[in-house]
Structures are given as C-alpha cells and as structure tokens.
Protein chains: 4
Amino acid sequence: MKTIRVVVWNENIHERKNSRVQEHYPEGIHSCLANALNDGAEVSCKTATLEDPEDGLPESRLDETDVVVWWGHVGHARVSDRTVDRVQKRVLEGMGLVVLHSGHYSKVFKRLMGTTCSLGWREAGEKERIWTCDPGHPIAQGLPAYFEIPHEEMYSEPFGIPTPDELVFISWFQGGEVFRSGCCWRRGNGRIFYFRPGHETFPTYHQPEVQTVIRNAVRWSAPQAPRWIDSCPNIKISPEGVQQMEG
Amino acid sequence: MKTIRVVVWNENIHERKNSRVQEHYPEGIHSCLANALNDGAEVSCKTATLEDPEDGLPESRLDETDVVVWWGHVGHARVSDRTVDRVQKRVLEGMGLVVLHSGHYSKVFKRLMGTTCSLGWREAGEKERIWTCDPGHPIAQGLPAYFEIPHEEMYSEPFGIPTPDELVFISWFQGGEVFRSGCCWRRGNGRIFYFRPGHETFPTYHQPEVQTVIRNAVRWSAPQAPRWIDSCPNIKISPEGVQQMEG
Amino acid sequence: MKTIRVVVWNENIHERKNSRVQEHYPEGIHSCLANALNDGAEVSCKTATLEDPEDGLPESRLDETDVVVWWGHVGHARVSDRTVDRVQKRVLEGMGLVVLHSGHYSKVFKRLMGTTCSLGWREAGEKERIWTCDPGHPIAQGLPAYFEIPHEEMYSEPFGIPTPDELVFISWFQGGEVFRSGCCWRRGNGRIFYFRPGHETFPTYHQPEVQTVIRNAVRWSAPQAPRWIDSCPNIKISPEGVQQMEG
Amino acid sequence: MKTIRVVVWNENIHERKNSRVQEHYPEGIHSCLANALNDGAEVSCKTATLEDPEDGLPESRLDETDVVVWWGHVGHARVSDRTVDRVQKRVLEGMGLVVLHSGHYSKVFKRLMGTTCSLGWREAGEKERIWTCDPGHPIAQGLPAYFEIPHEEMYSEPFGIPTPDELVFISWFQGGEVFRSGCCWRRGNGRIFYFRPGHETFPTYHQPEVQTVIRNAVRWSAPQAPRWIDSCPNIKISPEGVQQMEG
C-alpha cells in the first residue's frame with residue numbers, strides 16, 4: 001500500500017481575523033484537518049494556504065500530491081486563474097479533490113463542474129443530521145445510519161451541480177431544509193468529492209464522524225492508475241487499415 | 001398533440017376494508033387520481049384494479065395504454081408473475097410507468113430496478129416537506145421551491161434503488177429523516193418515475209401539488225418514440241463487409 | 001406548440017479561405033444548416049458568425065434564442081471569454097446547445113464539461129458508420145439501425161468528456177476506430193448535445209440523416225421550463241421553524 | 001490486503017459436446033479462467049458448474065465468495081430461480097459479479113439489470129478491436145489504447161441495458177459493427193461488470209489482454225465494505241423528534 005500524499009489547502013483568512021474562529025481553529029482549519037488525517041502510515045498530510053507563493057500550489061508541490069482537500073470562502077476571487085488551471089489539469093490527470101463547505105463556490109470546483117454551484121443558506125446555528133443514503137459506499141464506511149452536527153450553517157436545495165455519479169449523504173436541517181451533502185464525480189482520470197459541513201464559526205472539523213468522512217474521501221479519491229497526459233494525437237492509419245480502406 | 005392514454009392501477013384493498021381510507025377515497029385511490037388527471041384534452045385516464053380479469057392489465061388493455069400509474073401495498077404478492085412480465089415488457093418497449101408510495105415494493109418496480117427497493121418507515125402522521133432539487137425538470141413545473149403535506153407516513157434512506165438518472169424531489173420529515181422522493185429512470189425505451197407520497201390513511205392525493213407532480217410525471221413518461229420490439233437478431237454481413245474481411 | 005427559435009453559430013473562417021470548403025458550403029456551414037432546420041413552422045432558424053458584433057451572440061440575441069447550434073474550429077481562441085460567459089449562463093438557465101464536430105474543443109463546450117474534451121483524429125476521408133445505441137431516444141427518431149457517411153475525418157476514443165447522461169450514437173470508422181458520437185448532458189436547466197460529424201472539407205451537412213439528427217437534437221434541447229435565475233439566496237427561517245429550533 | 005475469494009461459474013456444456021471447444025478448453029472455460037486468475041496471493045480462485053448440487057452455488061459456497069465470474073449460454077434456462085435469487089441477494093449485499101459474453105442473457109444478469117439485455121450477433125470469426133474509452137479506470141490498467149482479438153463472434157448495438165455507470169471499453173468489428181463491451185454498474189452494495197468477449201469456439205480466454213481485463217474486474221468488484229442486510233425497518237421516533245412534532 002503506497003502512502004497517499006495529501007495537501008489540505010485553506011485560504012486561512014477567517015482564522016486570522018475572527019476571534020470566534022480562532023477559538024475553534026487556533027492554528028487554522030488546515031492544521032486541524034491535517035492533524036486528523038495524518039496517521040503516519042497510509043496517509044501523509046501537509047498543508048498549503050493562499051498566502052504561500054503561487055497560492056500554495058505550485059507545479060512542484062502538485063508533482064508530489066495525490067489528493068488536495070480544499071477549504072475556501074471569502075478568498076475565492078484571490079486564487080489566480082493560473083492556479084485553477086494547474087489544479088484542474090492535475091485532477092483530470094488523476095489527482096483526487098475533496099471540496100469542503102463553502103468551497104462549492106471556489107473557482108476550481110465551479111471550473112470542474114461547469115455549473116453555477118449555487119445553493120440556499122442560513123446562519124442560525126441549527127442542528128444538521130447527515131443521512132447515509134449509500135451504506136455500501138467506501139466513503140460511508142465506519143459511519144452510523146446518520147450522525148448529527150449540533151450547530152451548523154444551513155445549506156439548502158436546489159444545489160446547482162451536475163447530477164452526482166454517486167450520492168453518499170443527504171442532510172436534514174432542523175429548520176426544514178434538505179441538501180445533497182456528499183457527492184461524487186469522476187472527471188477525466190480524477191475523482192472529486194464534495195462534503196457540505198464545516199462552517200468556520202463552529203467546531204465541526206473536530207467531530208470524529210466528520211473526520212471519518214474526510215479520511216474515507218481521501219482514500220476513495222486517491223489515484224488508482226497511471227496519470228494520463230491530455231492530448232489530441234493525430235492517429236496514423238495502420239498498414240492493415242489502409243488495405244481495408246483500399247480493399 | 002396526441003392524447004396520452006393513462007391507466008391508474010390500484011390494488012383497491014384498503015379502501016374496501018378500512019373506514020378511515022374510505023372516508024378519504026370513497027371510490028378508491030384510483031378514481032381520485034383518475035379524476036385529477038382526466039382533463040379530457042391532453043390526458044385520457046381510465047382505471048384498473050387487482051380484482052379485474054388478468055389483474056386488470058390484459059394485453060388488450062396495454063395495447064391502448066401509454067402510461068400506467070401504480071398504487072399497491074398489501075396486495076403485491078397477489079399480482080401474478082404473468083402480469084409483471086407483460087407490464088415490464090411494455091415499459092421496455094416504451095410505455096411510461098409512474099409508481100406511487102408503497103408501490104416501491106411492487107413486483108413490477110422491483111423487477112425493473114433489479115434491487116431490493118427497501119427503505120425505513122414510520123406511521124406517525126408527521127409533516128413532510130418536499131423540496132425540488134431540479135427546478136428545471138419537466139416534472140417540477142408549476143411547483144414552488146417546496147410544498148408540505150401536513151400528515152404522512154415517513155419513508156427514510158437508505159432507499160435500495162439504482163442511482164436515479166434524474167433526482168427531482170427530496171423529502172424532509174418532521175421526525176428527522178430524509179428521502180429521495182422523486183426519482184427518474186430510463187429502462188429500454190420506457191421512462192419510470194417513482195413518487196413517494198400517498199399513504200392510504202391520509203388525504204394526500206387530494207392535494208393540488210401532489211396532483212401536479214403526478215400529472216407532470218404522466219406527461220414526462222409518455223412514449224416519445226415508436227415502440228421497439230425486443231429481439232436478438234442474427235445479423236448477416238453485407239457484401240462490402242465480406243470484402244473487408246477477406247481484403 | 002411554440003416555435004423553437006434557433007441560432008446556428010459558425011466561425012465562418014474555412015468557408016472564406018478554402019475553395020474545397022466553399023464548394024460544399026458556398027454560403028457557409030451556418031446557412032446550409034439553417035436552411036435544413038428552418039421548416040417555417042416548428043423551428044425558426046437564424047444564423048450568427050464570429051465576425052458579427054460581440055461574436056454574434058450579444059445579450060439581445062440570446063434573449064430571443066431557445067437553442068444555439070455551434071460550429072467552430074480554427075477560431076476557438078477568437079471567441080471572447082465574455083461571450084463564453086454569456087452562453088454558459090444561458091445554457092444553465094435553460095437554453096439548449098448543440099455542439100458539432102470540432103466544436104468539442106470550443107471554449108463554451110469545455111467550460112460546460114469541465115474536462116479536456118480531447119480525442120484522437122485522422123484526416124483520411126474514410127467511411128464512418130453511425131450506430132444508434134438508444135433506439136427509443138428522441139434524438140434517434142426517424143433513423144435506421146445505422147447510417148453511413150462515405151467520407152469523413154476520423155475521431156477516436158478516448159474522448160475526454162464526463163460520462164454522458166445518455167449515449168445515443170457510437171461511430172465505427174473504416175480505419176479501425178470507434179467514438180461516442182452522440183452524447184447528451186443536462187447542466188443546470190439546460191440540455192447539451194454533442195454530435196460528431198461535419199468536417200468542413202466534406203458535404204456531410206447536406207446528408208439527410210445528419211440533418212435529421214440535428215433537427216431532433218434541436219427539439220430535444222429546447223427549453224421545457226421557465227428559466228431559473230441563478231442565485232445563492234439567504235433563506236430566512238419560518239416562524240414555525242424557529243419554534244422547532246427552540247422547541 | 002485480504003485475499004479475494006473468486007468462483008468462476010460455467011455451465012460447462014459446450015466443452016463436453018463440441019470437439020472444437022474441447023480443443024481450446026480441454027478442462028472447460030472455468031478451469032482456463034481460474035488458472036489465469038489464481039495468483040495464489042491476492043486472488044484465490046475456485047470453480048463451480050451447472051451440474052454441481054444447487055447449480056454449484058449453494059448458500060455455503062456463497063458465504064465464502066467475494067466475486068463470481070459467470071459464463072453461460074445454452075444452459076441459461078437450467079439455472080433454477082432459487083439460485084438466481086441467492087446470487088442476486090448476495091450481489092445486492094456486496095458480492096462482485098463479472099458477467100462474460102453470452103452471459104448477457106443469463107437469468108441473473110437480466111434480473112439485476114431489469115431490461116431485455118438483447119443485442120445483435122454474427123458468427124463469422126471476424127476481427128474485434130477493443131478500445132479503452134476510460135483509460136484512468138481501474139479495469140483498464142495495464143492495457144494499451146486498444147487490443148485485438150483475431151477471431152470472435154460479433155455482438156452489435158443496440159445492447160438492451162440500463163445506461164452503464166461507467167463505460168470502459170467499446171468494440172469495433174471488422175464487419176462494421178460497434179458494441180459497449182466493458183460496462184460497470186453498482187446495484188445495492190455490489191459491483192457488476194459485463195465484458196463481451198469469449199465465444200466458446202475461439203481461444204479468447206487464453207489471450208493475455210482478455211485475462212488482464214477479467215483480473216482487473218475481479219479486483220474492482222471485490223466488496224469494499226461490510227455487507228448490508230436488506231430490510232425495511234420500522235423506525236421509532238426519537239424522544240427529541242417527538243418533542244419537535246409536538247412543539
């Protein structure tokens with residue numbers, strides 16, 4: 001079993017400005033998640049943030065990355081189009097991508113989906129109950145029929161995404177809404193997973209079930225195959241083929 | 001615009017035994033739905049019940065039917081396998097099928113899905129809120145962002161179905177569950193729609209929004225193409241093909 | 001039946017430079033297709049080209065358009081990103097899009113797919129045989145089991161697209177390749193169809209079967225529902241919901 | 001890495017009656033495939049045939065089986081419905097199923113698909129070229145852009161199956177046909193792969209590329225999760241839920 005090399009990317013803005021967020025994530029959401037994922041054996045996890053050179057994801061970094069976990073919100077527009085180009089290319093070549101919460105509106109997720117990725121929302125700190133609708137899916141392993149997050153931001157349908165290839169979780173919100181919270185897509189050779197929870201003002205990423213989902217998603221999205229270099233080759237006809245066409 | 005010929009099929013058992021059901025549906029669920037669908041112009045709707053000869057769906061009847069709407073519950077086992085064979089064949093040839101509520105466990109739905117079609121349930125008369133997650137879908141037309149049914153039986157995930165081709169509605173239940181309530185599949189030339197609501201002890205099918213969904217589903221599932229007769233033809237090679245293979 | 005308002009968009013470059021193309025399409029590919037589609041009754045078809053103001057597709061034009069048919073090749077890069085933004089937005093709101101041949105590499109198709117859209121190719125003027133793999137599909141109506149184009153450019157798998165929602169045609173090429181030639185996707189409220197044939201140096205768009213496919217695709221992709229304006233609304237909780245959360 | 005326990009099931013009829021088949025498979029197609037798959041380490045492969053008790057697949061046997069590989073043709077009708085029930089149930093609980101060639105018409109495949117599974121065919125011993133249309137898929141690993149089988153039975157579209165979740169291979173035939181030759185579905189917790197080649201009168205299963213595909217498919221379809229026992233549980237409402245409903 002090869003080690004899966006993960007980078008948790010975080011814009012790391014709220015954590016430096018908002019004391020409530022700092023309380024939950026004194027070293028940033030990225031560090032919290034990296035600590036949770038880093039088991040030293042199967043997964044080797046590092047972090048990157050928006051203030052790093054080239055948005056934290058230069059070619060050299062991506063060269064040694066199997067899966068990127070993405071958290072962004074107020075800084076979406078600050079991510080350069082070049083970075084988006086690089087990450088999109090890598091995903092299509094086989095790199096895994098796990099997009100969290102407000103990352104639904106990140107440039108890279110919208111680029112890969114091709115749709116609006118819009119949704120409804122409400123910050124009322126209400127209860128979220130996350131149901132597993134595909135209990136045999138690798139990302140659902142080790143989880144109960146449902147689990148609850150005591151206080152979260154609400155996201156509601158319609159969620160402006162292409163029909164997921166596989167739908168693993170659906171959320172129920174105390175205030176009366178539902179949301180497709182765990183969605184899988186294959187794009188090119190890469191696998192993409194979107195997971196809803198994780199508003200910065202709540203300690204969501206400290207919750208064991210949430211960590212289990214993200215850990216499972218990292219394993220599920222790790223590349224299983226040699227990378228495929230995109231191209232539009234001009235295909236020469238084989239001698240036998242020429243014969244057929246002349247035949 | 002050709003008239004769509006619909007048959008609402010109902011096992012018609014609860015209505016004859018349970019006074020509470022009789023109150024809501026004195027002439028049976030089938031009559032309530034047929035009256036709602038029958039607009040005299042675009043849709044011409046008749047009914048059939050389990051006690052009719054050949055389970056109400058002989059070949060001659062299917063010959064003049066474009067869409068079947070199916071309601072069944074305690075009588076699933078009484079539907080003969082021959083009837084299931086006939087209905088499955090017609091759907092694969094192009095006939096539409098709209099399966100309601102406990103019809104998730106009907107022989108014909110399980111046959112077409114190939115899966116368990118199992119789910120969780122609770123009879124507590126709780127509130128159901130039905131969300132449109134695909135607002136541009138033909139079956140969602142004329143409906144608001146969500147609508148509520150004041151009292152319904154609860155169905156919960158996991159729902160043991162193949163991934164729907166299109167997911168139109170997701171239900172939120174007062175007691176804390178969610179369910180994929182409006183699911184579309186194409187099988188062969190036919191279109192299948194499953195719609196969750198409609199427990200017999202509640203007046204659900206009198207509700208305008210519910211009727212709108214079923215009316216839309218009938219239109220969506222009506223055959224759009226000539227029927228295709230299933231076969232495994234032995235294909236002769238064309239003279240030119242022989243030349244190629246000898247070439 | 002409302003008239004479907006179609007715009008055939010063509011970069012119109014080859015036709016003005018290459019005498020062989022001019023021979024087949026003296027008034028441009030767009031005019032050939034518009035004449036074929038324009039039946040005066042169900043479909044009302046106009047044209048637009050790259051040299052028109054705002055790439056031929058200003059807001060005012062899109063306001064009165066139900067379906068865009070797209071042909072581009074050497075001019076992909078000349079289409080402005082603003083035009084791509086406008087067309088993408090309209091498709092997600094419900095406008096149909098039929099992308100032809102080398103349009104697989106157009107900015108707007110790549111934007112909506114999120115993938116490379118790459119493929120293999122060969123210009124040998126070989127025979128293409130197009131098989132219907134979904135004979136009940138609306139886009140396959142009126143077509144035989146297969147039809148042939150005597151001379152075409154070859155496109156081969158792998159085709160770098162998201163898994164199509166529906167696959168209608170697969171091509172067989174004389175030289176030994178295969179290709180998914182008729183692919184359907186739903187994105188937002190819009191429907192997208194990609195159809196492979198139509199190299200500019202062959203009279204492909206004069207062939208009746210090819211015209212039938214494009215005519216069917218226009219009908220299939222015409223909006224069936226009110227347009228949905230994208231947004232991320234902040235949803236207020238209902239008084240009843242507040243009660244539940246406090247309950 | 002746990003060993004994957006495979007059973008290759010074969011009706012084993014042609015091999016005992018037809019000398020040409022005996023020549024290619026003196027110990028039966030099942031033994032040829034089991035030898036190819038049995039690497040002693042990751043995969044442990046045994047065989048079962050129609051003449052064994054309970055069609056070779058009693059409960060006790062399935063209890064210790066992760067993946068079944070299925071070859072059948074003239075004996076489809078001899079497989080008992082009880083056996084089909086058992087195998088279907090296991091697949092829905094998580095067992096993998098790899099269906100080969102004429103197994104497209106086996107009872108168990110048709111049961112799981114819900115469709116006709118019909119196709120066109122020709123026995124002319126023509127060349128088949130199998131294209132990988134999804135080069136990043138686990139089942140395509142170790143294979144070139146395409147590989148050829150010198151002489152095979154032809155299968156042609158339309159193939160009467162539900163749209164595959166993932167399409168890995170498309171075949172080109174010398175006589176002019178195409179076919180979706182490598183198709184993936186998820187049903188319940190189980191994974192199903194259909195692979196086209198393997199007519200009994202040709203030495204197809206001795207070919208290394210064909211063996212690679214089946215080996216990859218066995219790994220891909222091996223259960224990744226605890227088995228899920230199907231049921232329709234009556235879900236009690238939680239005290240908190242009752243409070244909400246009374247609230």
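**Exercise 1. Strand β8 of chain D**

Task: starting from the fact that W185(D) stands opposite I192(D) in β9(D), work out how β8(D) is paired on its two sides and whether the strand is enclosed or open. Keep in mind that this is a predicted model.

Solution.

Step 1. Take the β9(D) side. Strand β9 covers residues 190-195 of chain D, and six bridges join β8(D) to this strand, the two running antiparallel.

Step 2. Look at the turn. β8(D) and β9(D) make a hairpin with two residues between them. In that turn, G188(D) has a positive phi of about 55°.

Step 3. Now go to the other partner. Strand β7 (residues 166-173) of chain D is joined to β8(D) by six bridges, again in an antiparallel arrangement. Here F169(D) is the residue opposite G182(D) in β8(D).

Step 4. Check the second turn. The hairpin of β7(D) and β8(D) has four residues between the strands, and G176(D) takes a positive phi near 115° there.

Step 5. Finish with burial. Of the ten residues of β8 (residues 178-187) of chain D, nine are buried, so the strand is largely enclosed by the rest of the structure.

**Exercise 2. Helix α3 of chain C and its surroundings**

Task: find out which residues of α3(C) are buried, what covers them, and how α3(C) sits against α7(C).

Solution.

Step 1. Count first. Helix α3 (residues 29-37) of chain C has seven of its nine residues buried, so "mostly covered" is the right label, using the cut-off of 20 or more other C-beta atoms within 10 Å.

Step 2. Name them. The buried residues of α3(C) are I29(C), H30(C), C32(C), L33(C), A34(C), A36(C) and L37(C).

Step 3. Ask what lies over them. The cover includes three strands of chain C, β1 (4-10), β2 (43-49) and β3 (67-71), along with the helices α1 (14-17) and α7 (208-221).

Step 4. Pick α7(C) and get the geometry. Two packed helices are described by the angle between their axes and the distance between the axes. For α3(C) and α7(C) the angle is about 70° and the axes are 10 Å apart. The two helices are therefore roughly perpendicular to each other.

Step 5. List who makes the contact. From α3(C) come L33(C), A36(C) and L37(C), and from α7(C) come Q211(C), I214(C), R215(C) and V218(C). Sorted by class, that gives five nonpolar residues, one polar and one charged.

**Exercise 3. The helix pair in chain A**

Task: describe how helix α3 (residues 29-37) and helix α7 (residues 208-221) of chain A pack.

Solution.

Step 1. Start with the numbers: the angle is about 70°, and the axes lie 10 Å apart. That makes α3(A) roughly perpendicular to α7(A).

Step 2. Go to the residues. L33(A), A36(A) and L37(A) in α3(A) meet Q211(A), I214(A), R215(A) and V218(A) in α7(A). The classes in this contact are five nonpolar, one polar and one charged.

**Exercise 4. Chains B and C**

Task: characterise the contact between chains B and C and find the operation that superposes one chain on the other.

Solution.

Step 1. Size up the contact: eleven residues of chain B touch eleven residues of chain C. On the chain B side, six are polar, four nonpolar and one charged.

Step 2. Superpose the chains. Chain B lands on chain C after a rotation of 180° with 0.0 Å of shift along the axis, at an RMSD of 0.0 Å. The two copies are thus related as by a two-fold rotation axis.

Step 3. Locate the axis. Within chain B, the C-alpha nearest the axis belongs to D165(B), at 3.7 Å.

Step 4. Compare the surfaces. Both copies use the same surface, since 100% of the contact residues of chain B recur in chain C.

**Exercise 5. Backbone oddities**

Task: locate the cis peptide bond of chain A and the positive phi values of D55(B) and C117(D), then say where the residues sit.

Solution.

Step 1. Start with omega. The bond joining E157(A) and P158(A) is cis, with omega about 0°. P158(A) is placed in the loop between β6 (146-156) and β7 (166-173) of chain A.

Step 2. Turn to D55(B). Its phi is near 60°, positive in a residue other than glycine. D55(B) lies in the loop between β2 (43-49) and α4 (59-63) of chain B, and is buried, with 22 other C-beta atoms within 10 Å.

Step 3. Do C117(D). Phi is near 60° here, in a residue other than glycine. C117(D) is in the loop between α6 (107-113) and β5 (120-132) of chain D, and 22 other C-beta atoms within 10 Å make C117(D) buried.

How values were computed
Residues numbered from 1 in each chain as written. Chains lettered and ligands numbered in written order. Predicted model: local features only at pLDDT ≥ 70, side-chain atom pairs only at ≥ 80, totals over all residues. Contact = placed C-beta atoms within 7 Å. Nonpolar A, V, L, I, M, F, W, Y, C, P; charged D, E, K, R; others polar. Axes fitted to C-alpha atoms, helices over the stretch in contact; angles between N-to-C directions. Parallel < 35°, antiparallel > 145°, perpendicular 65-115°, else oblique. Buried ≥ 20, exposed ≤ 12 C-beta atoms within 10 Å, placed from the backbone. Least-squares fit on C-alpha atoms with pLDDT ≥ 70 in both. Pairing = 2+ DSSP bridges.
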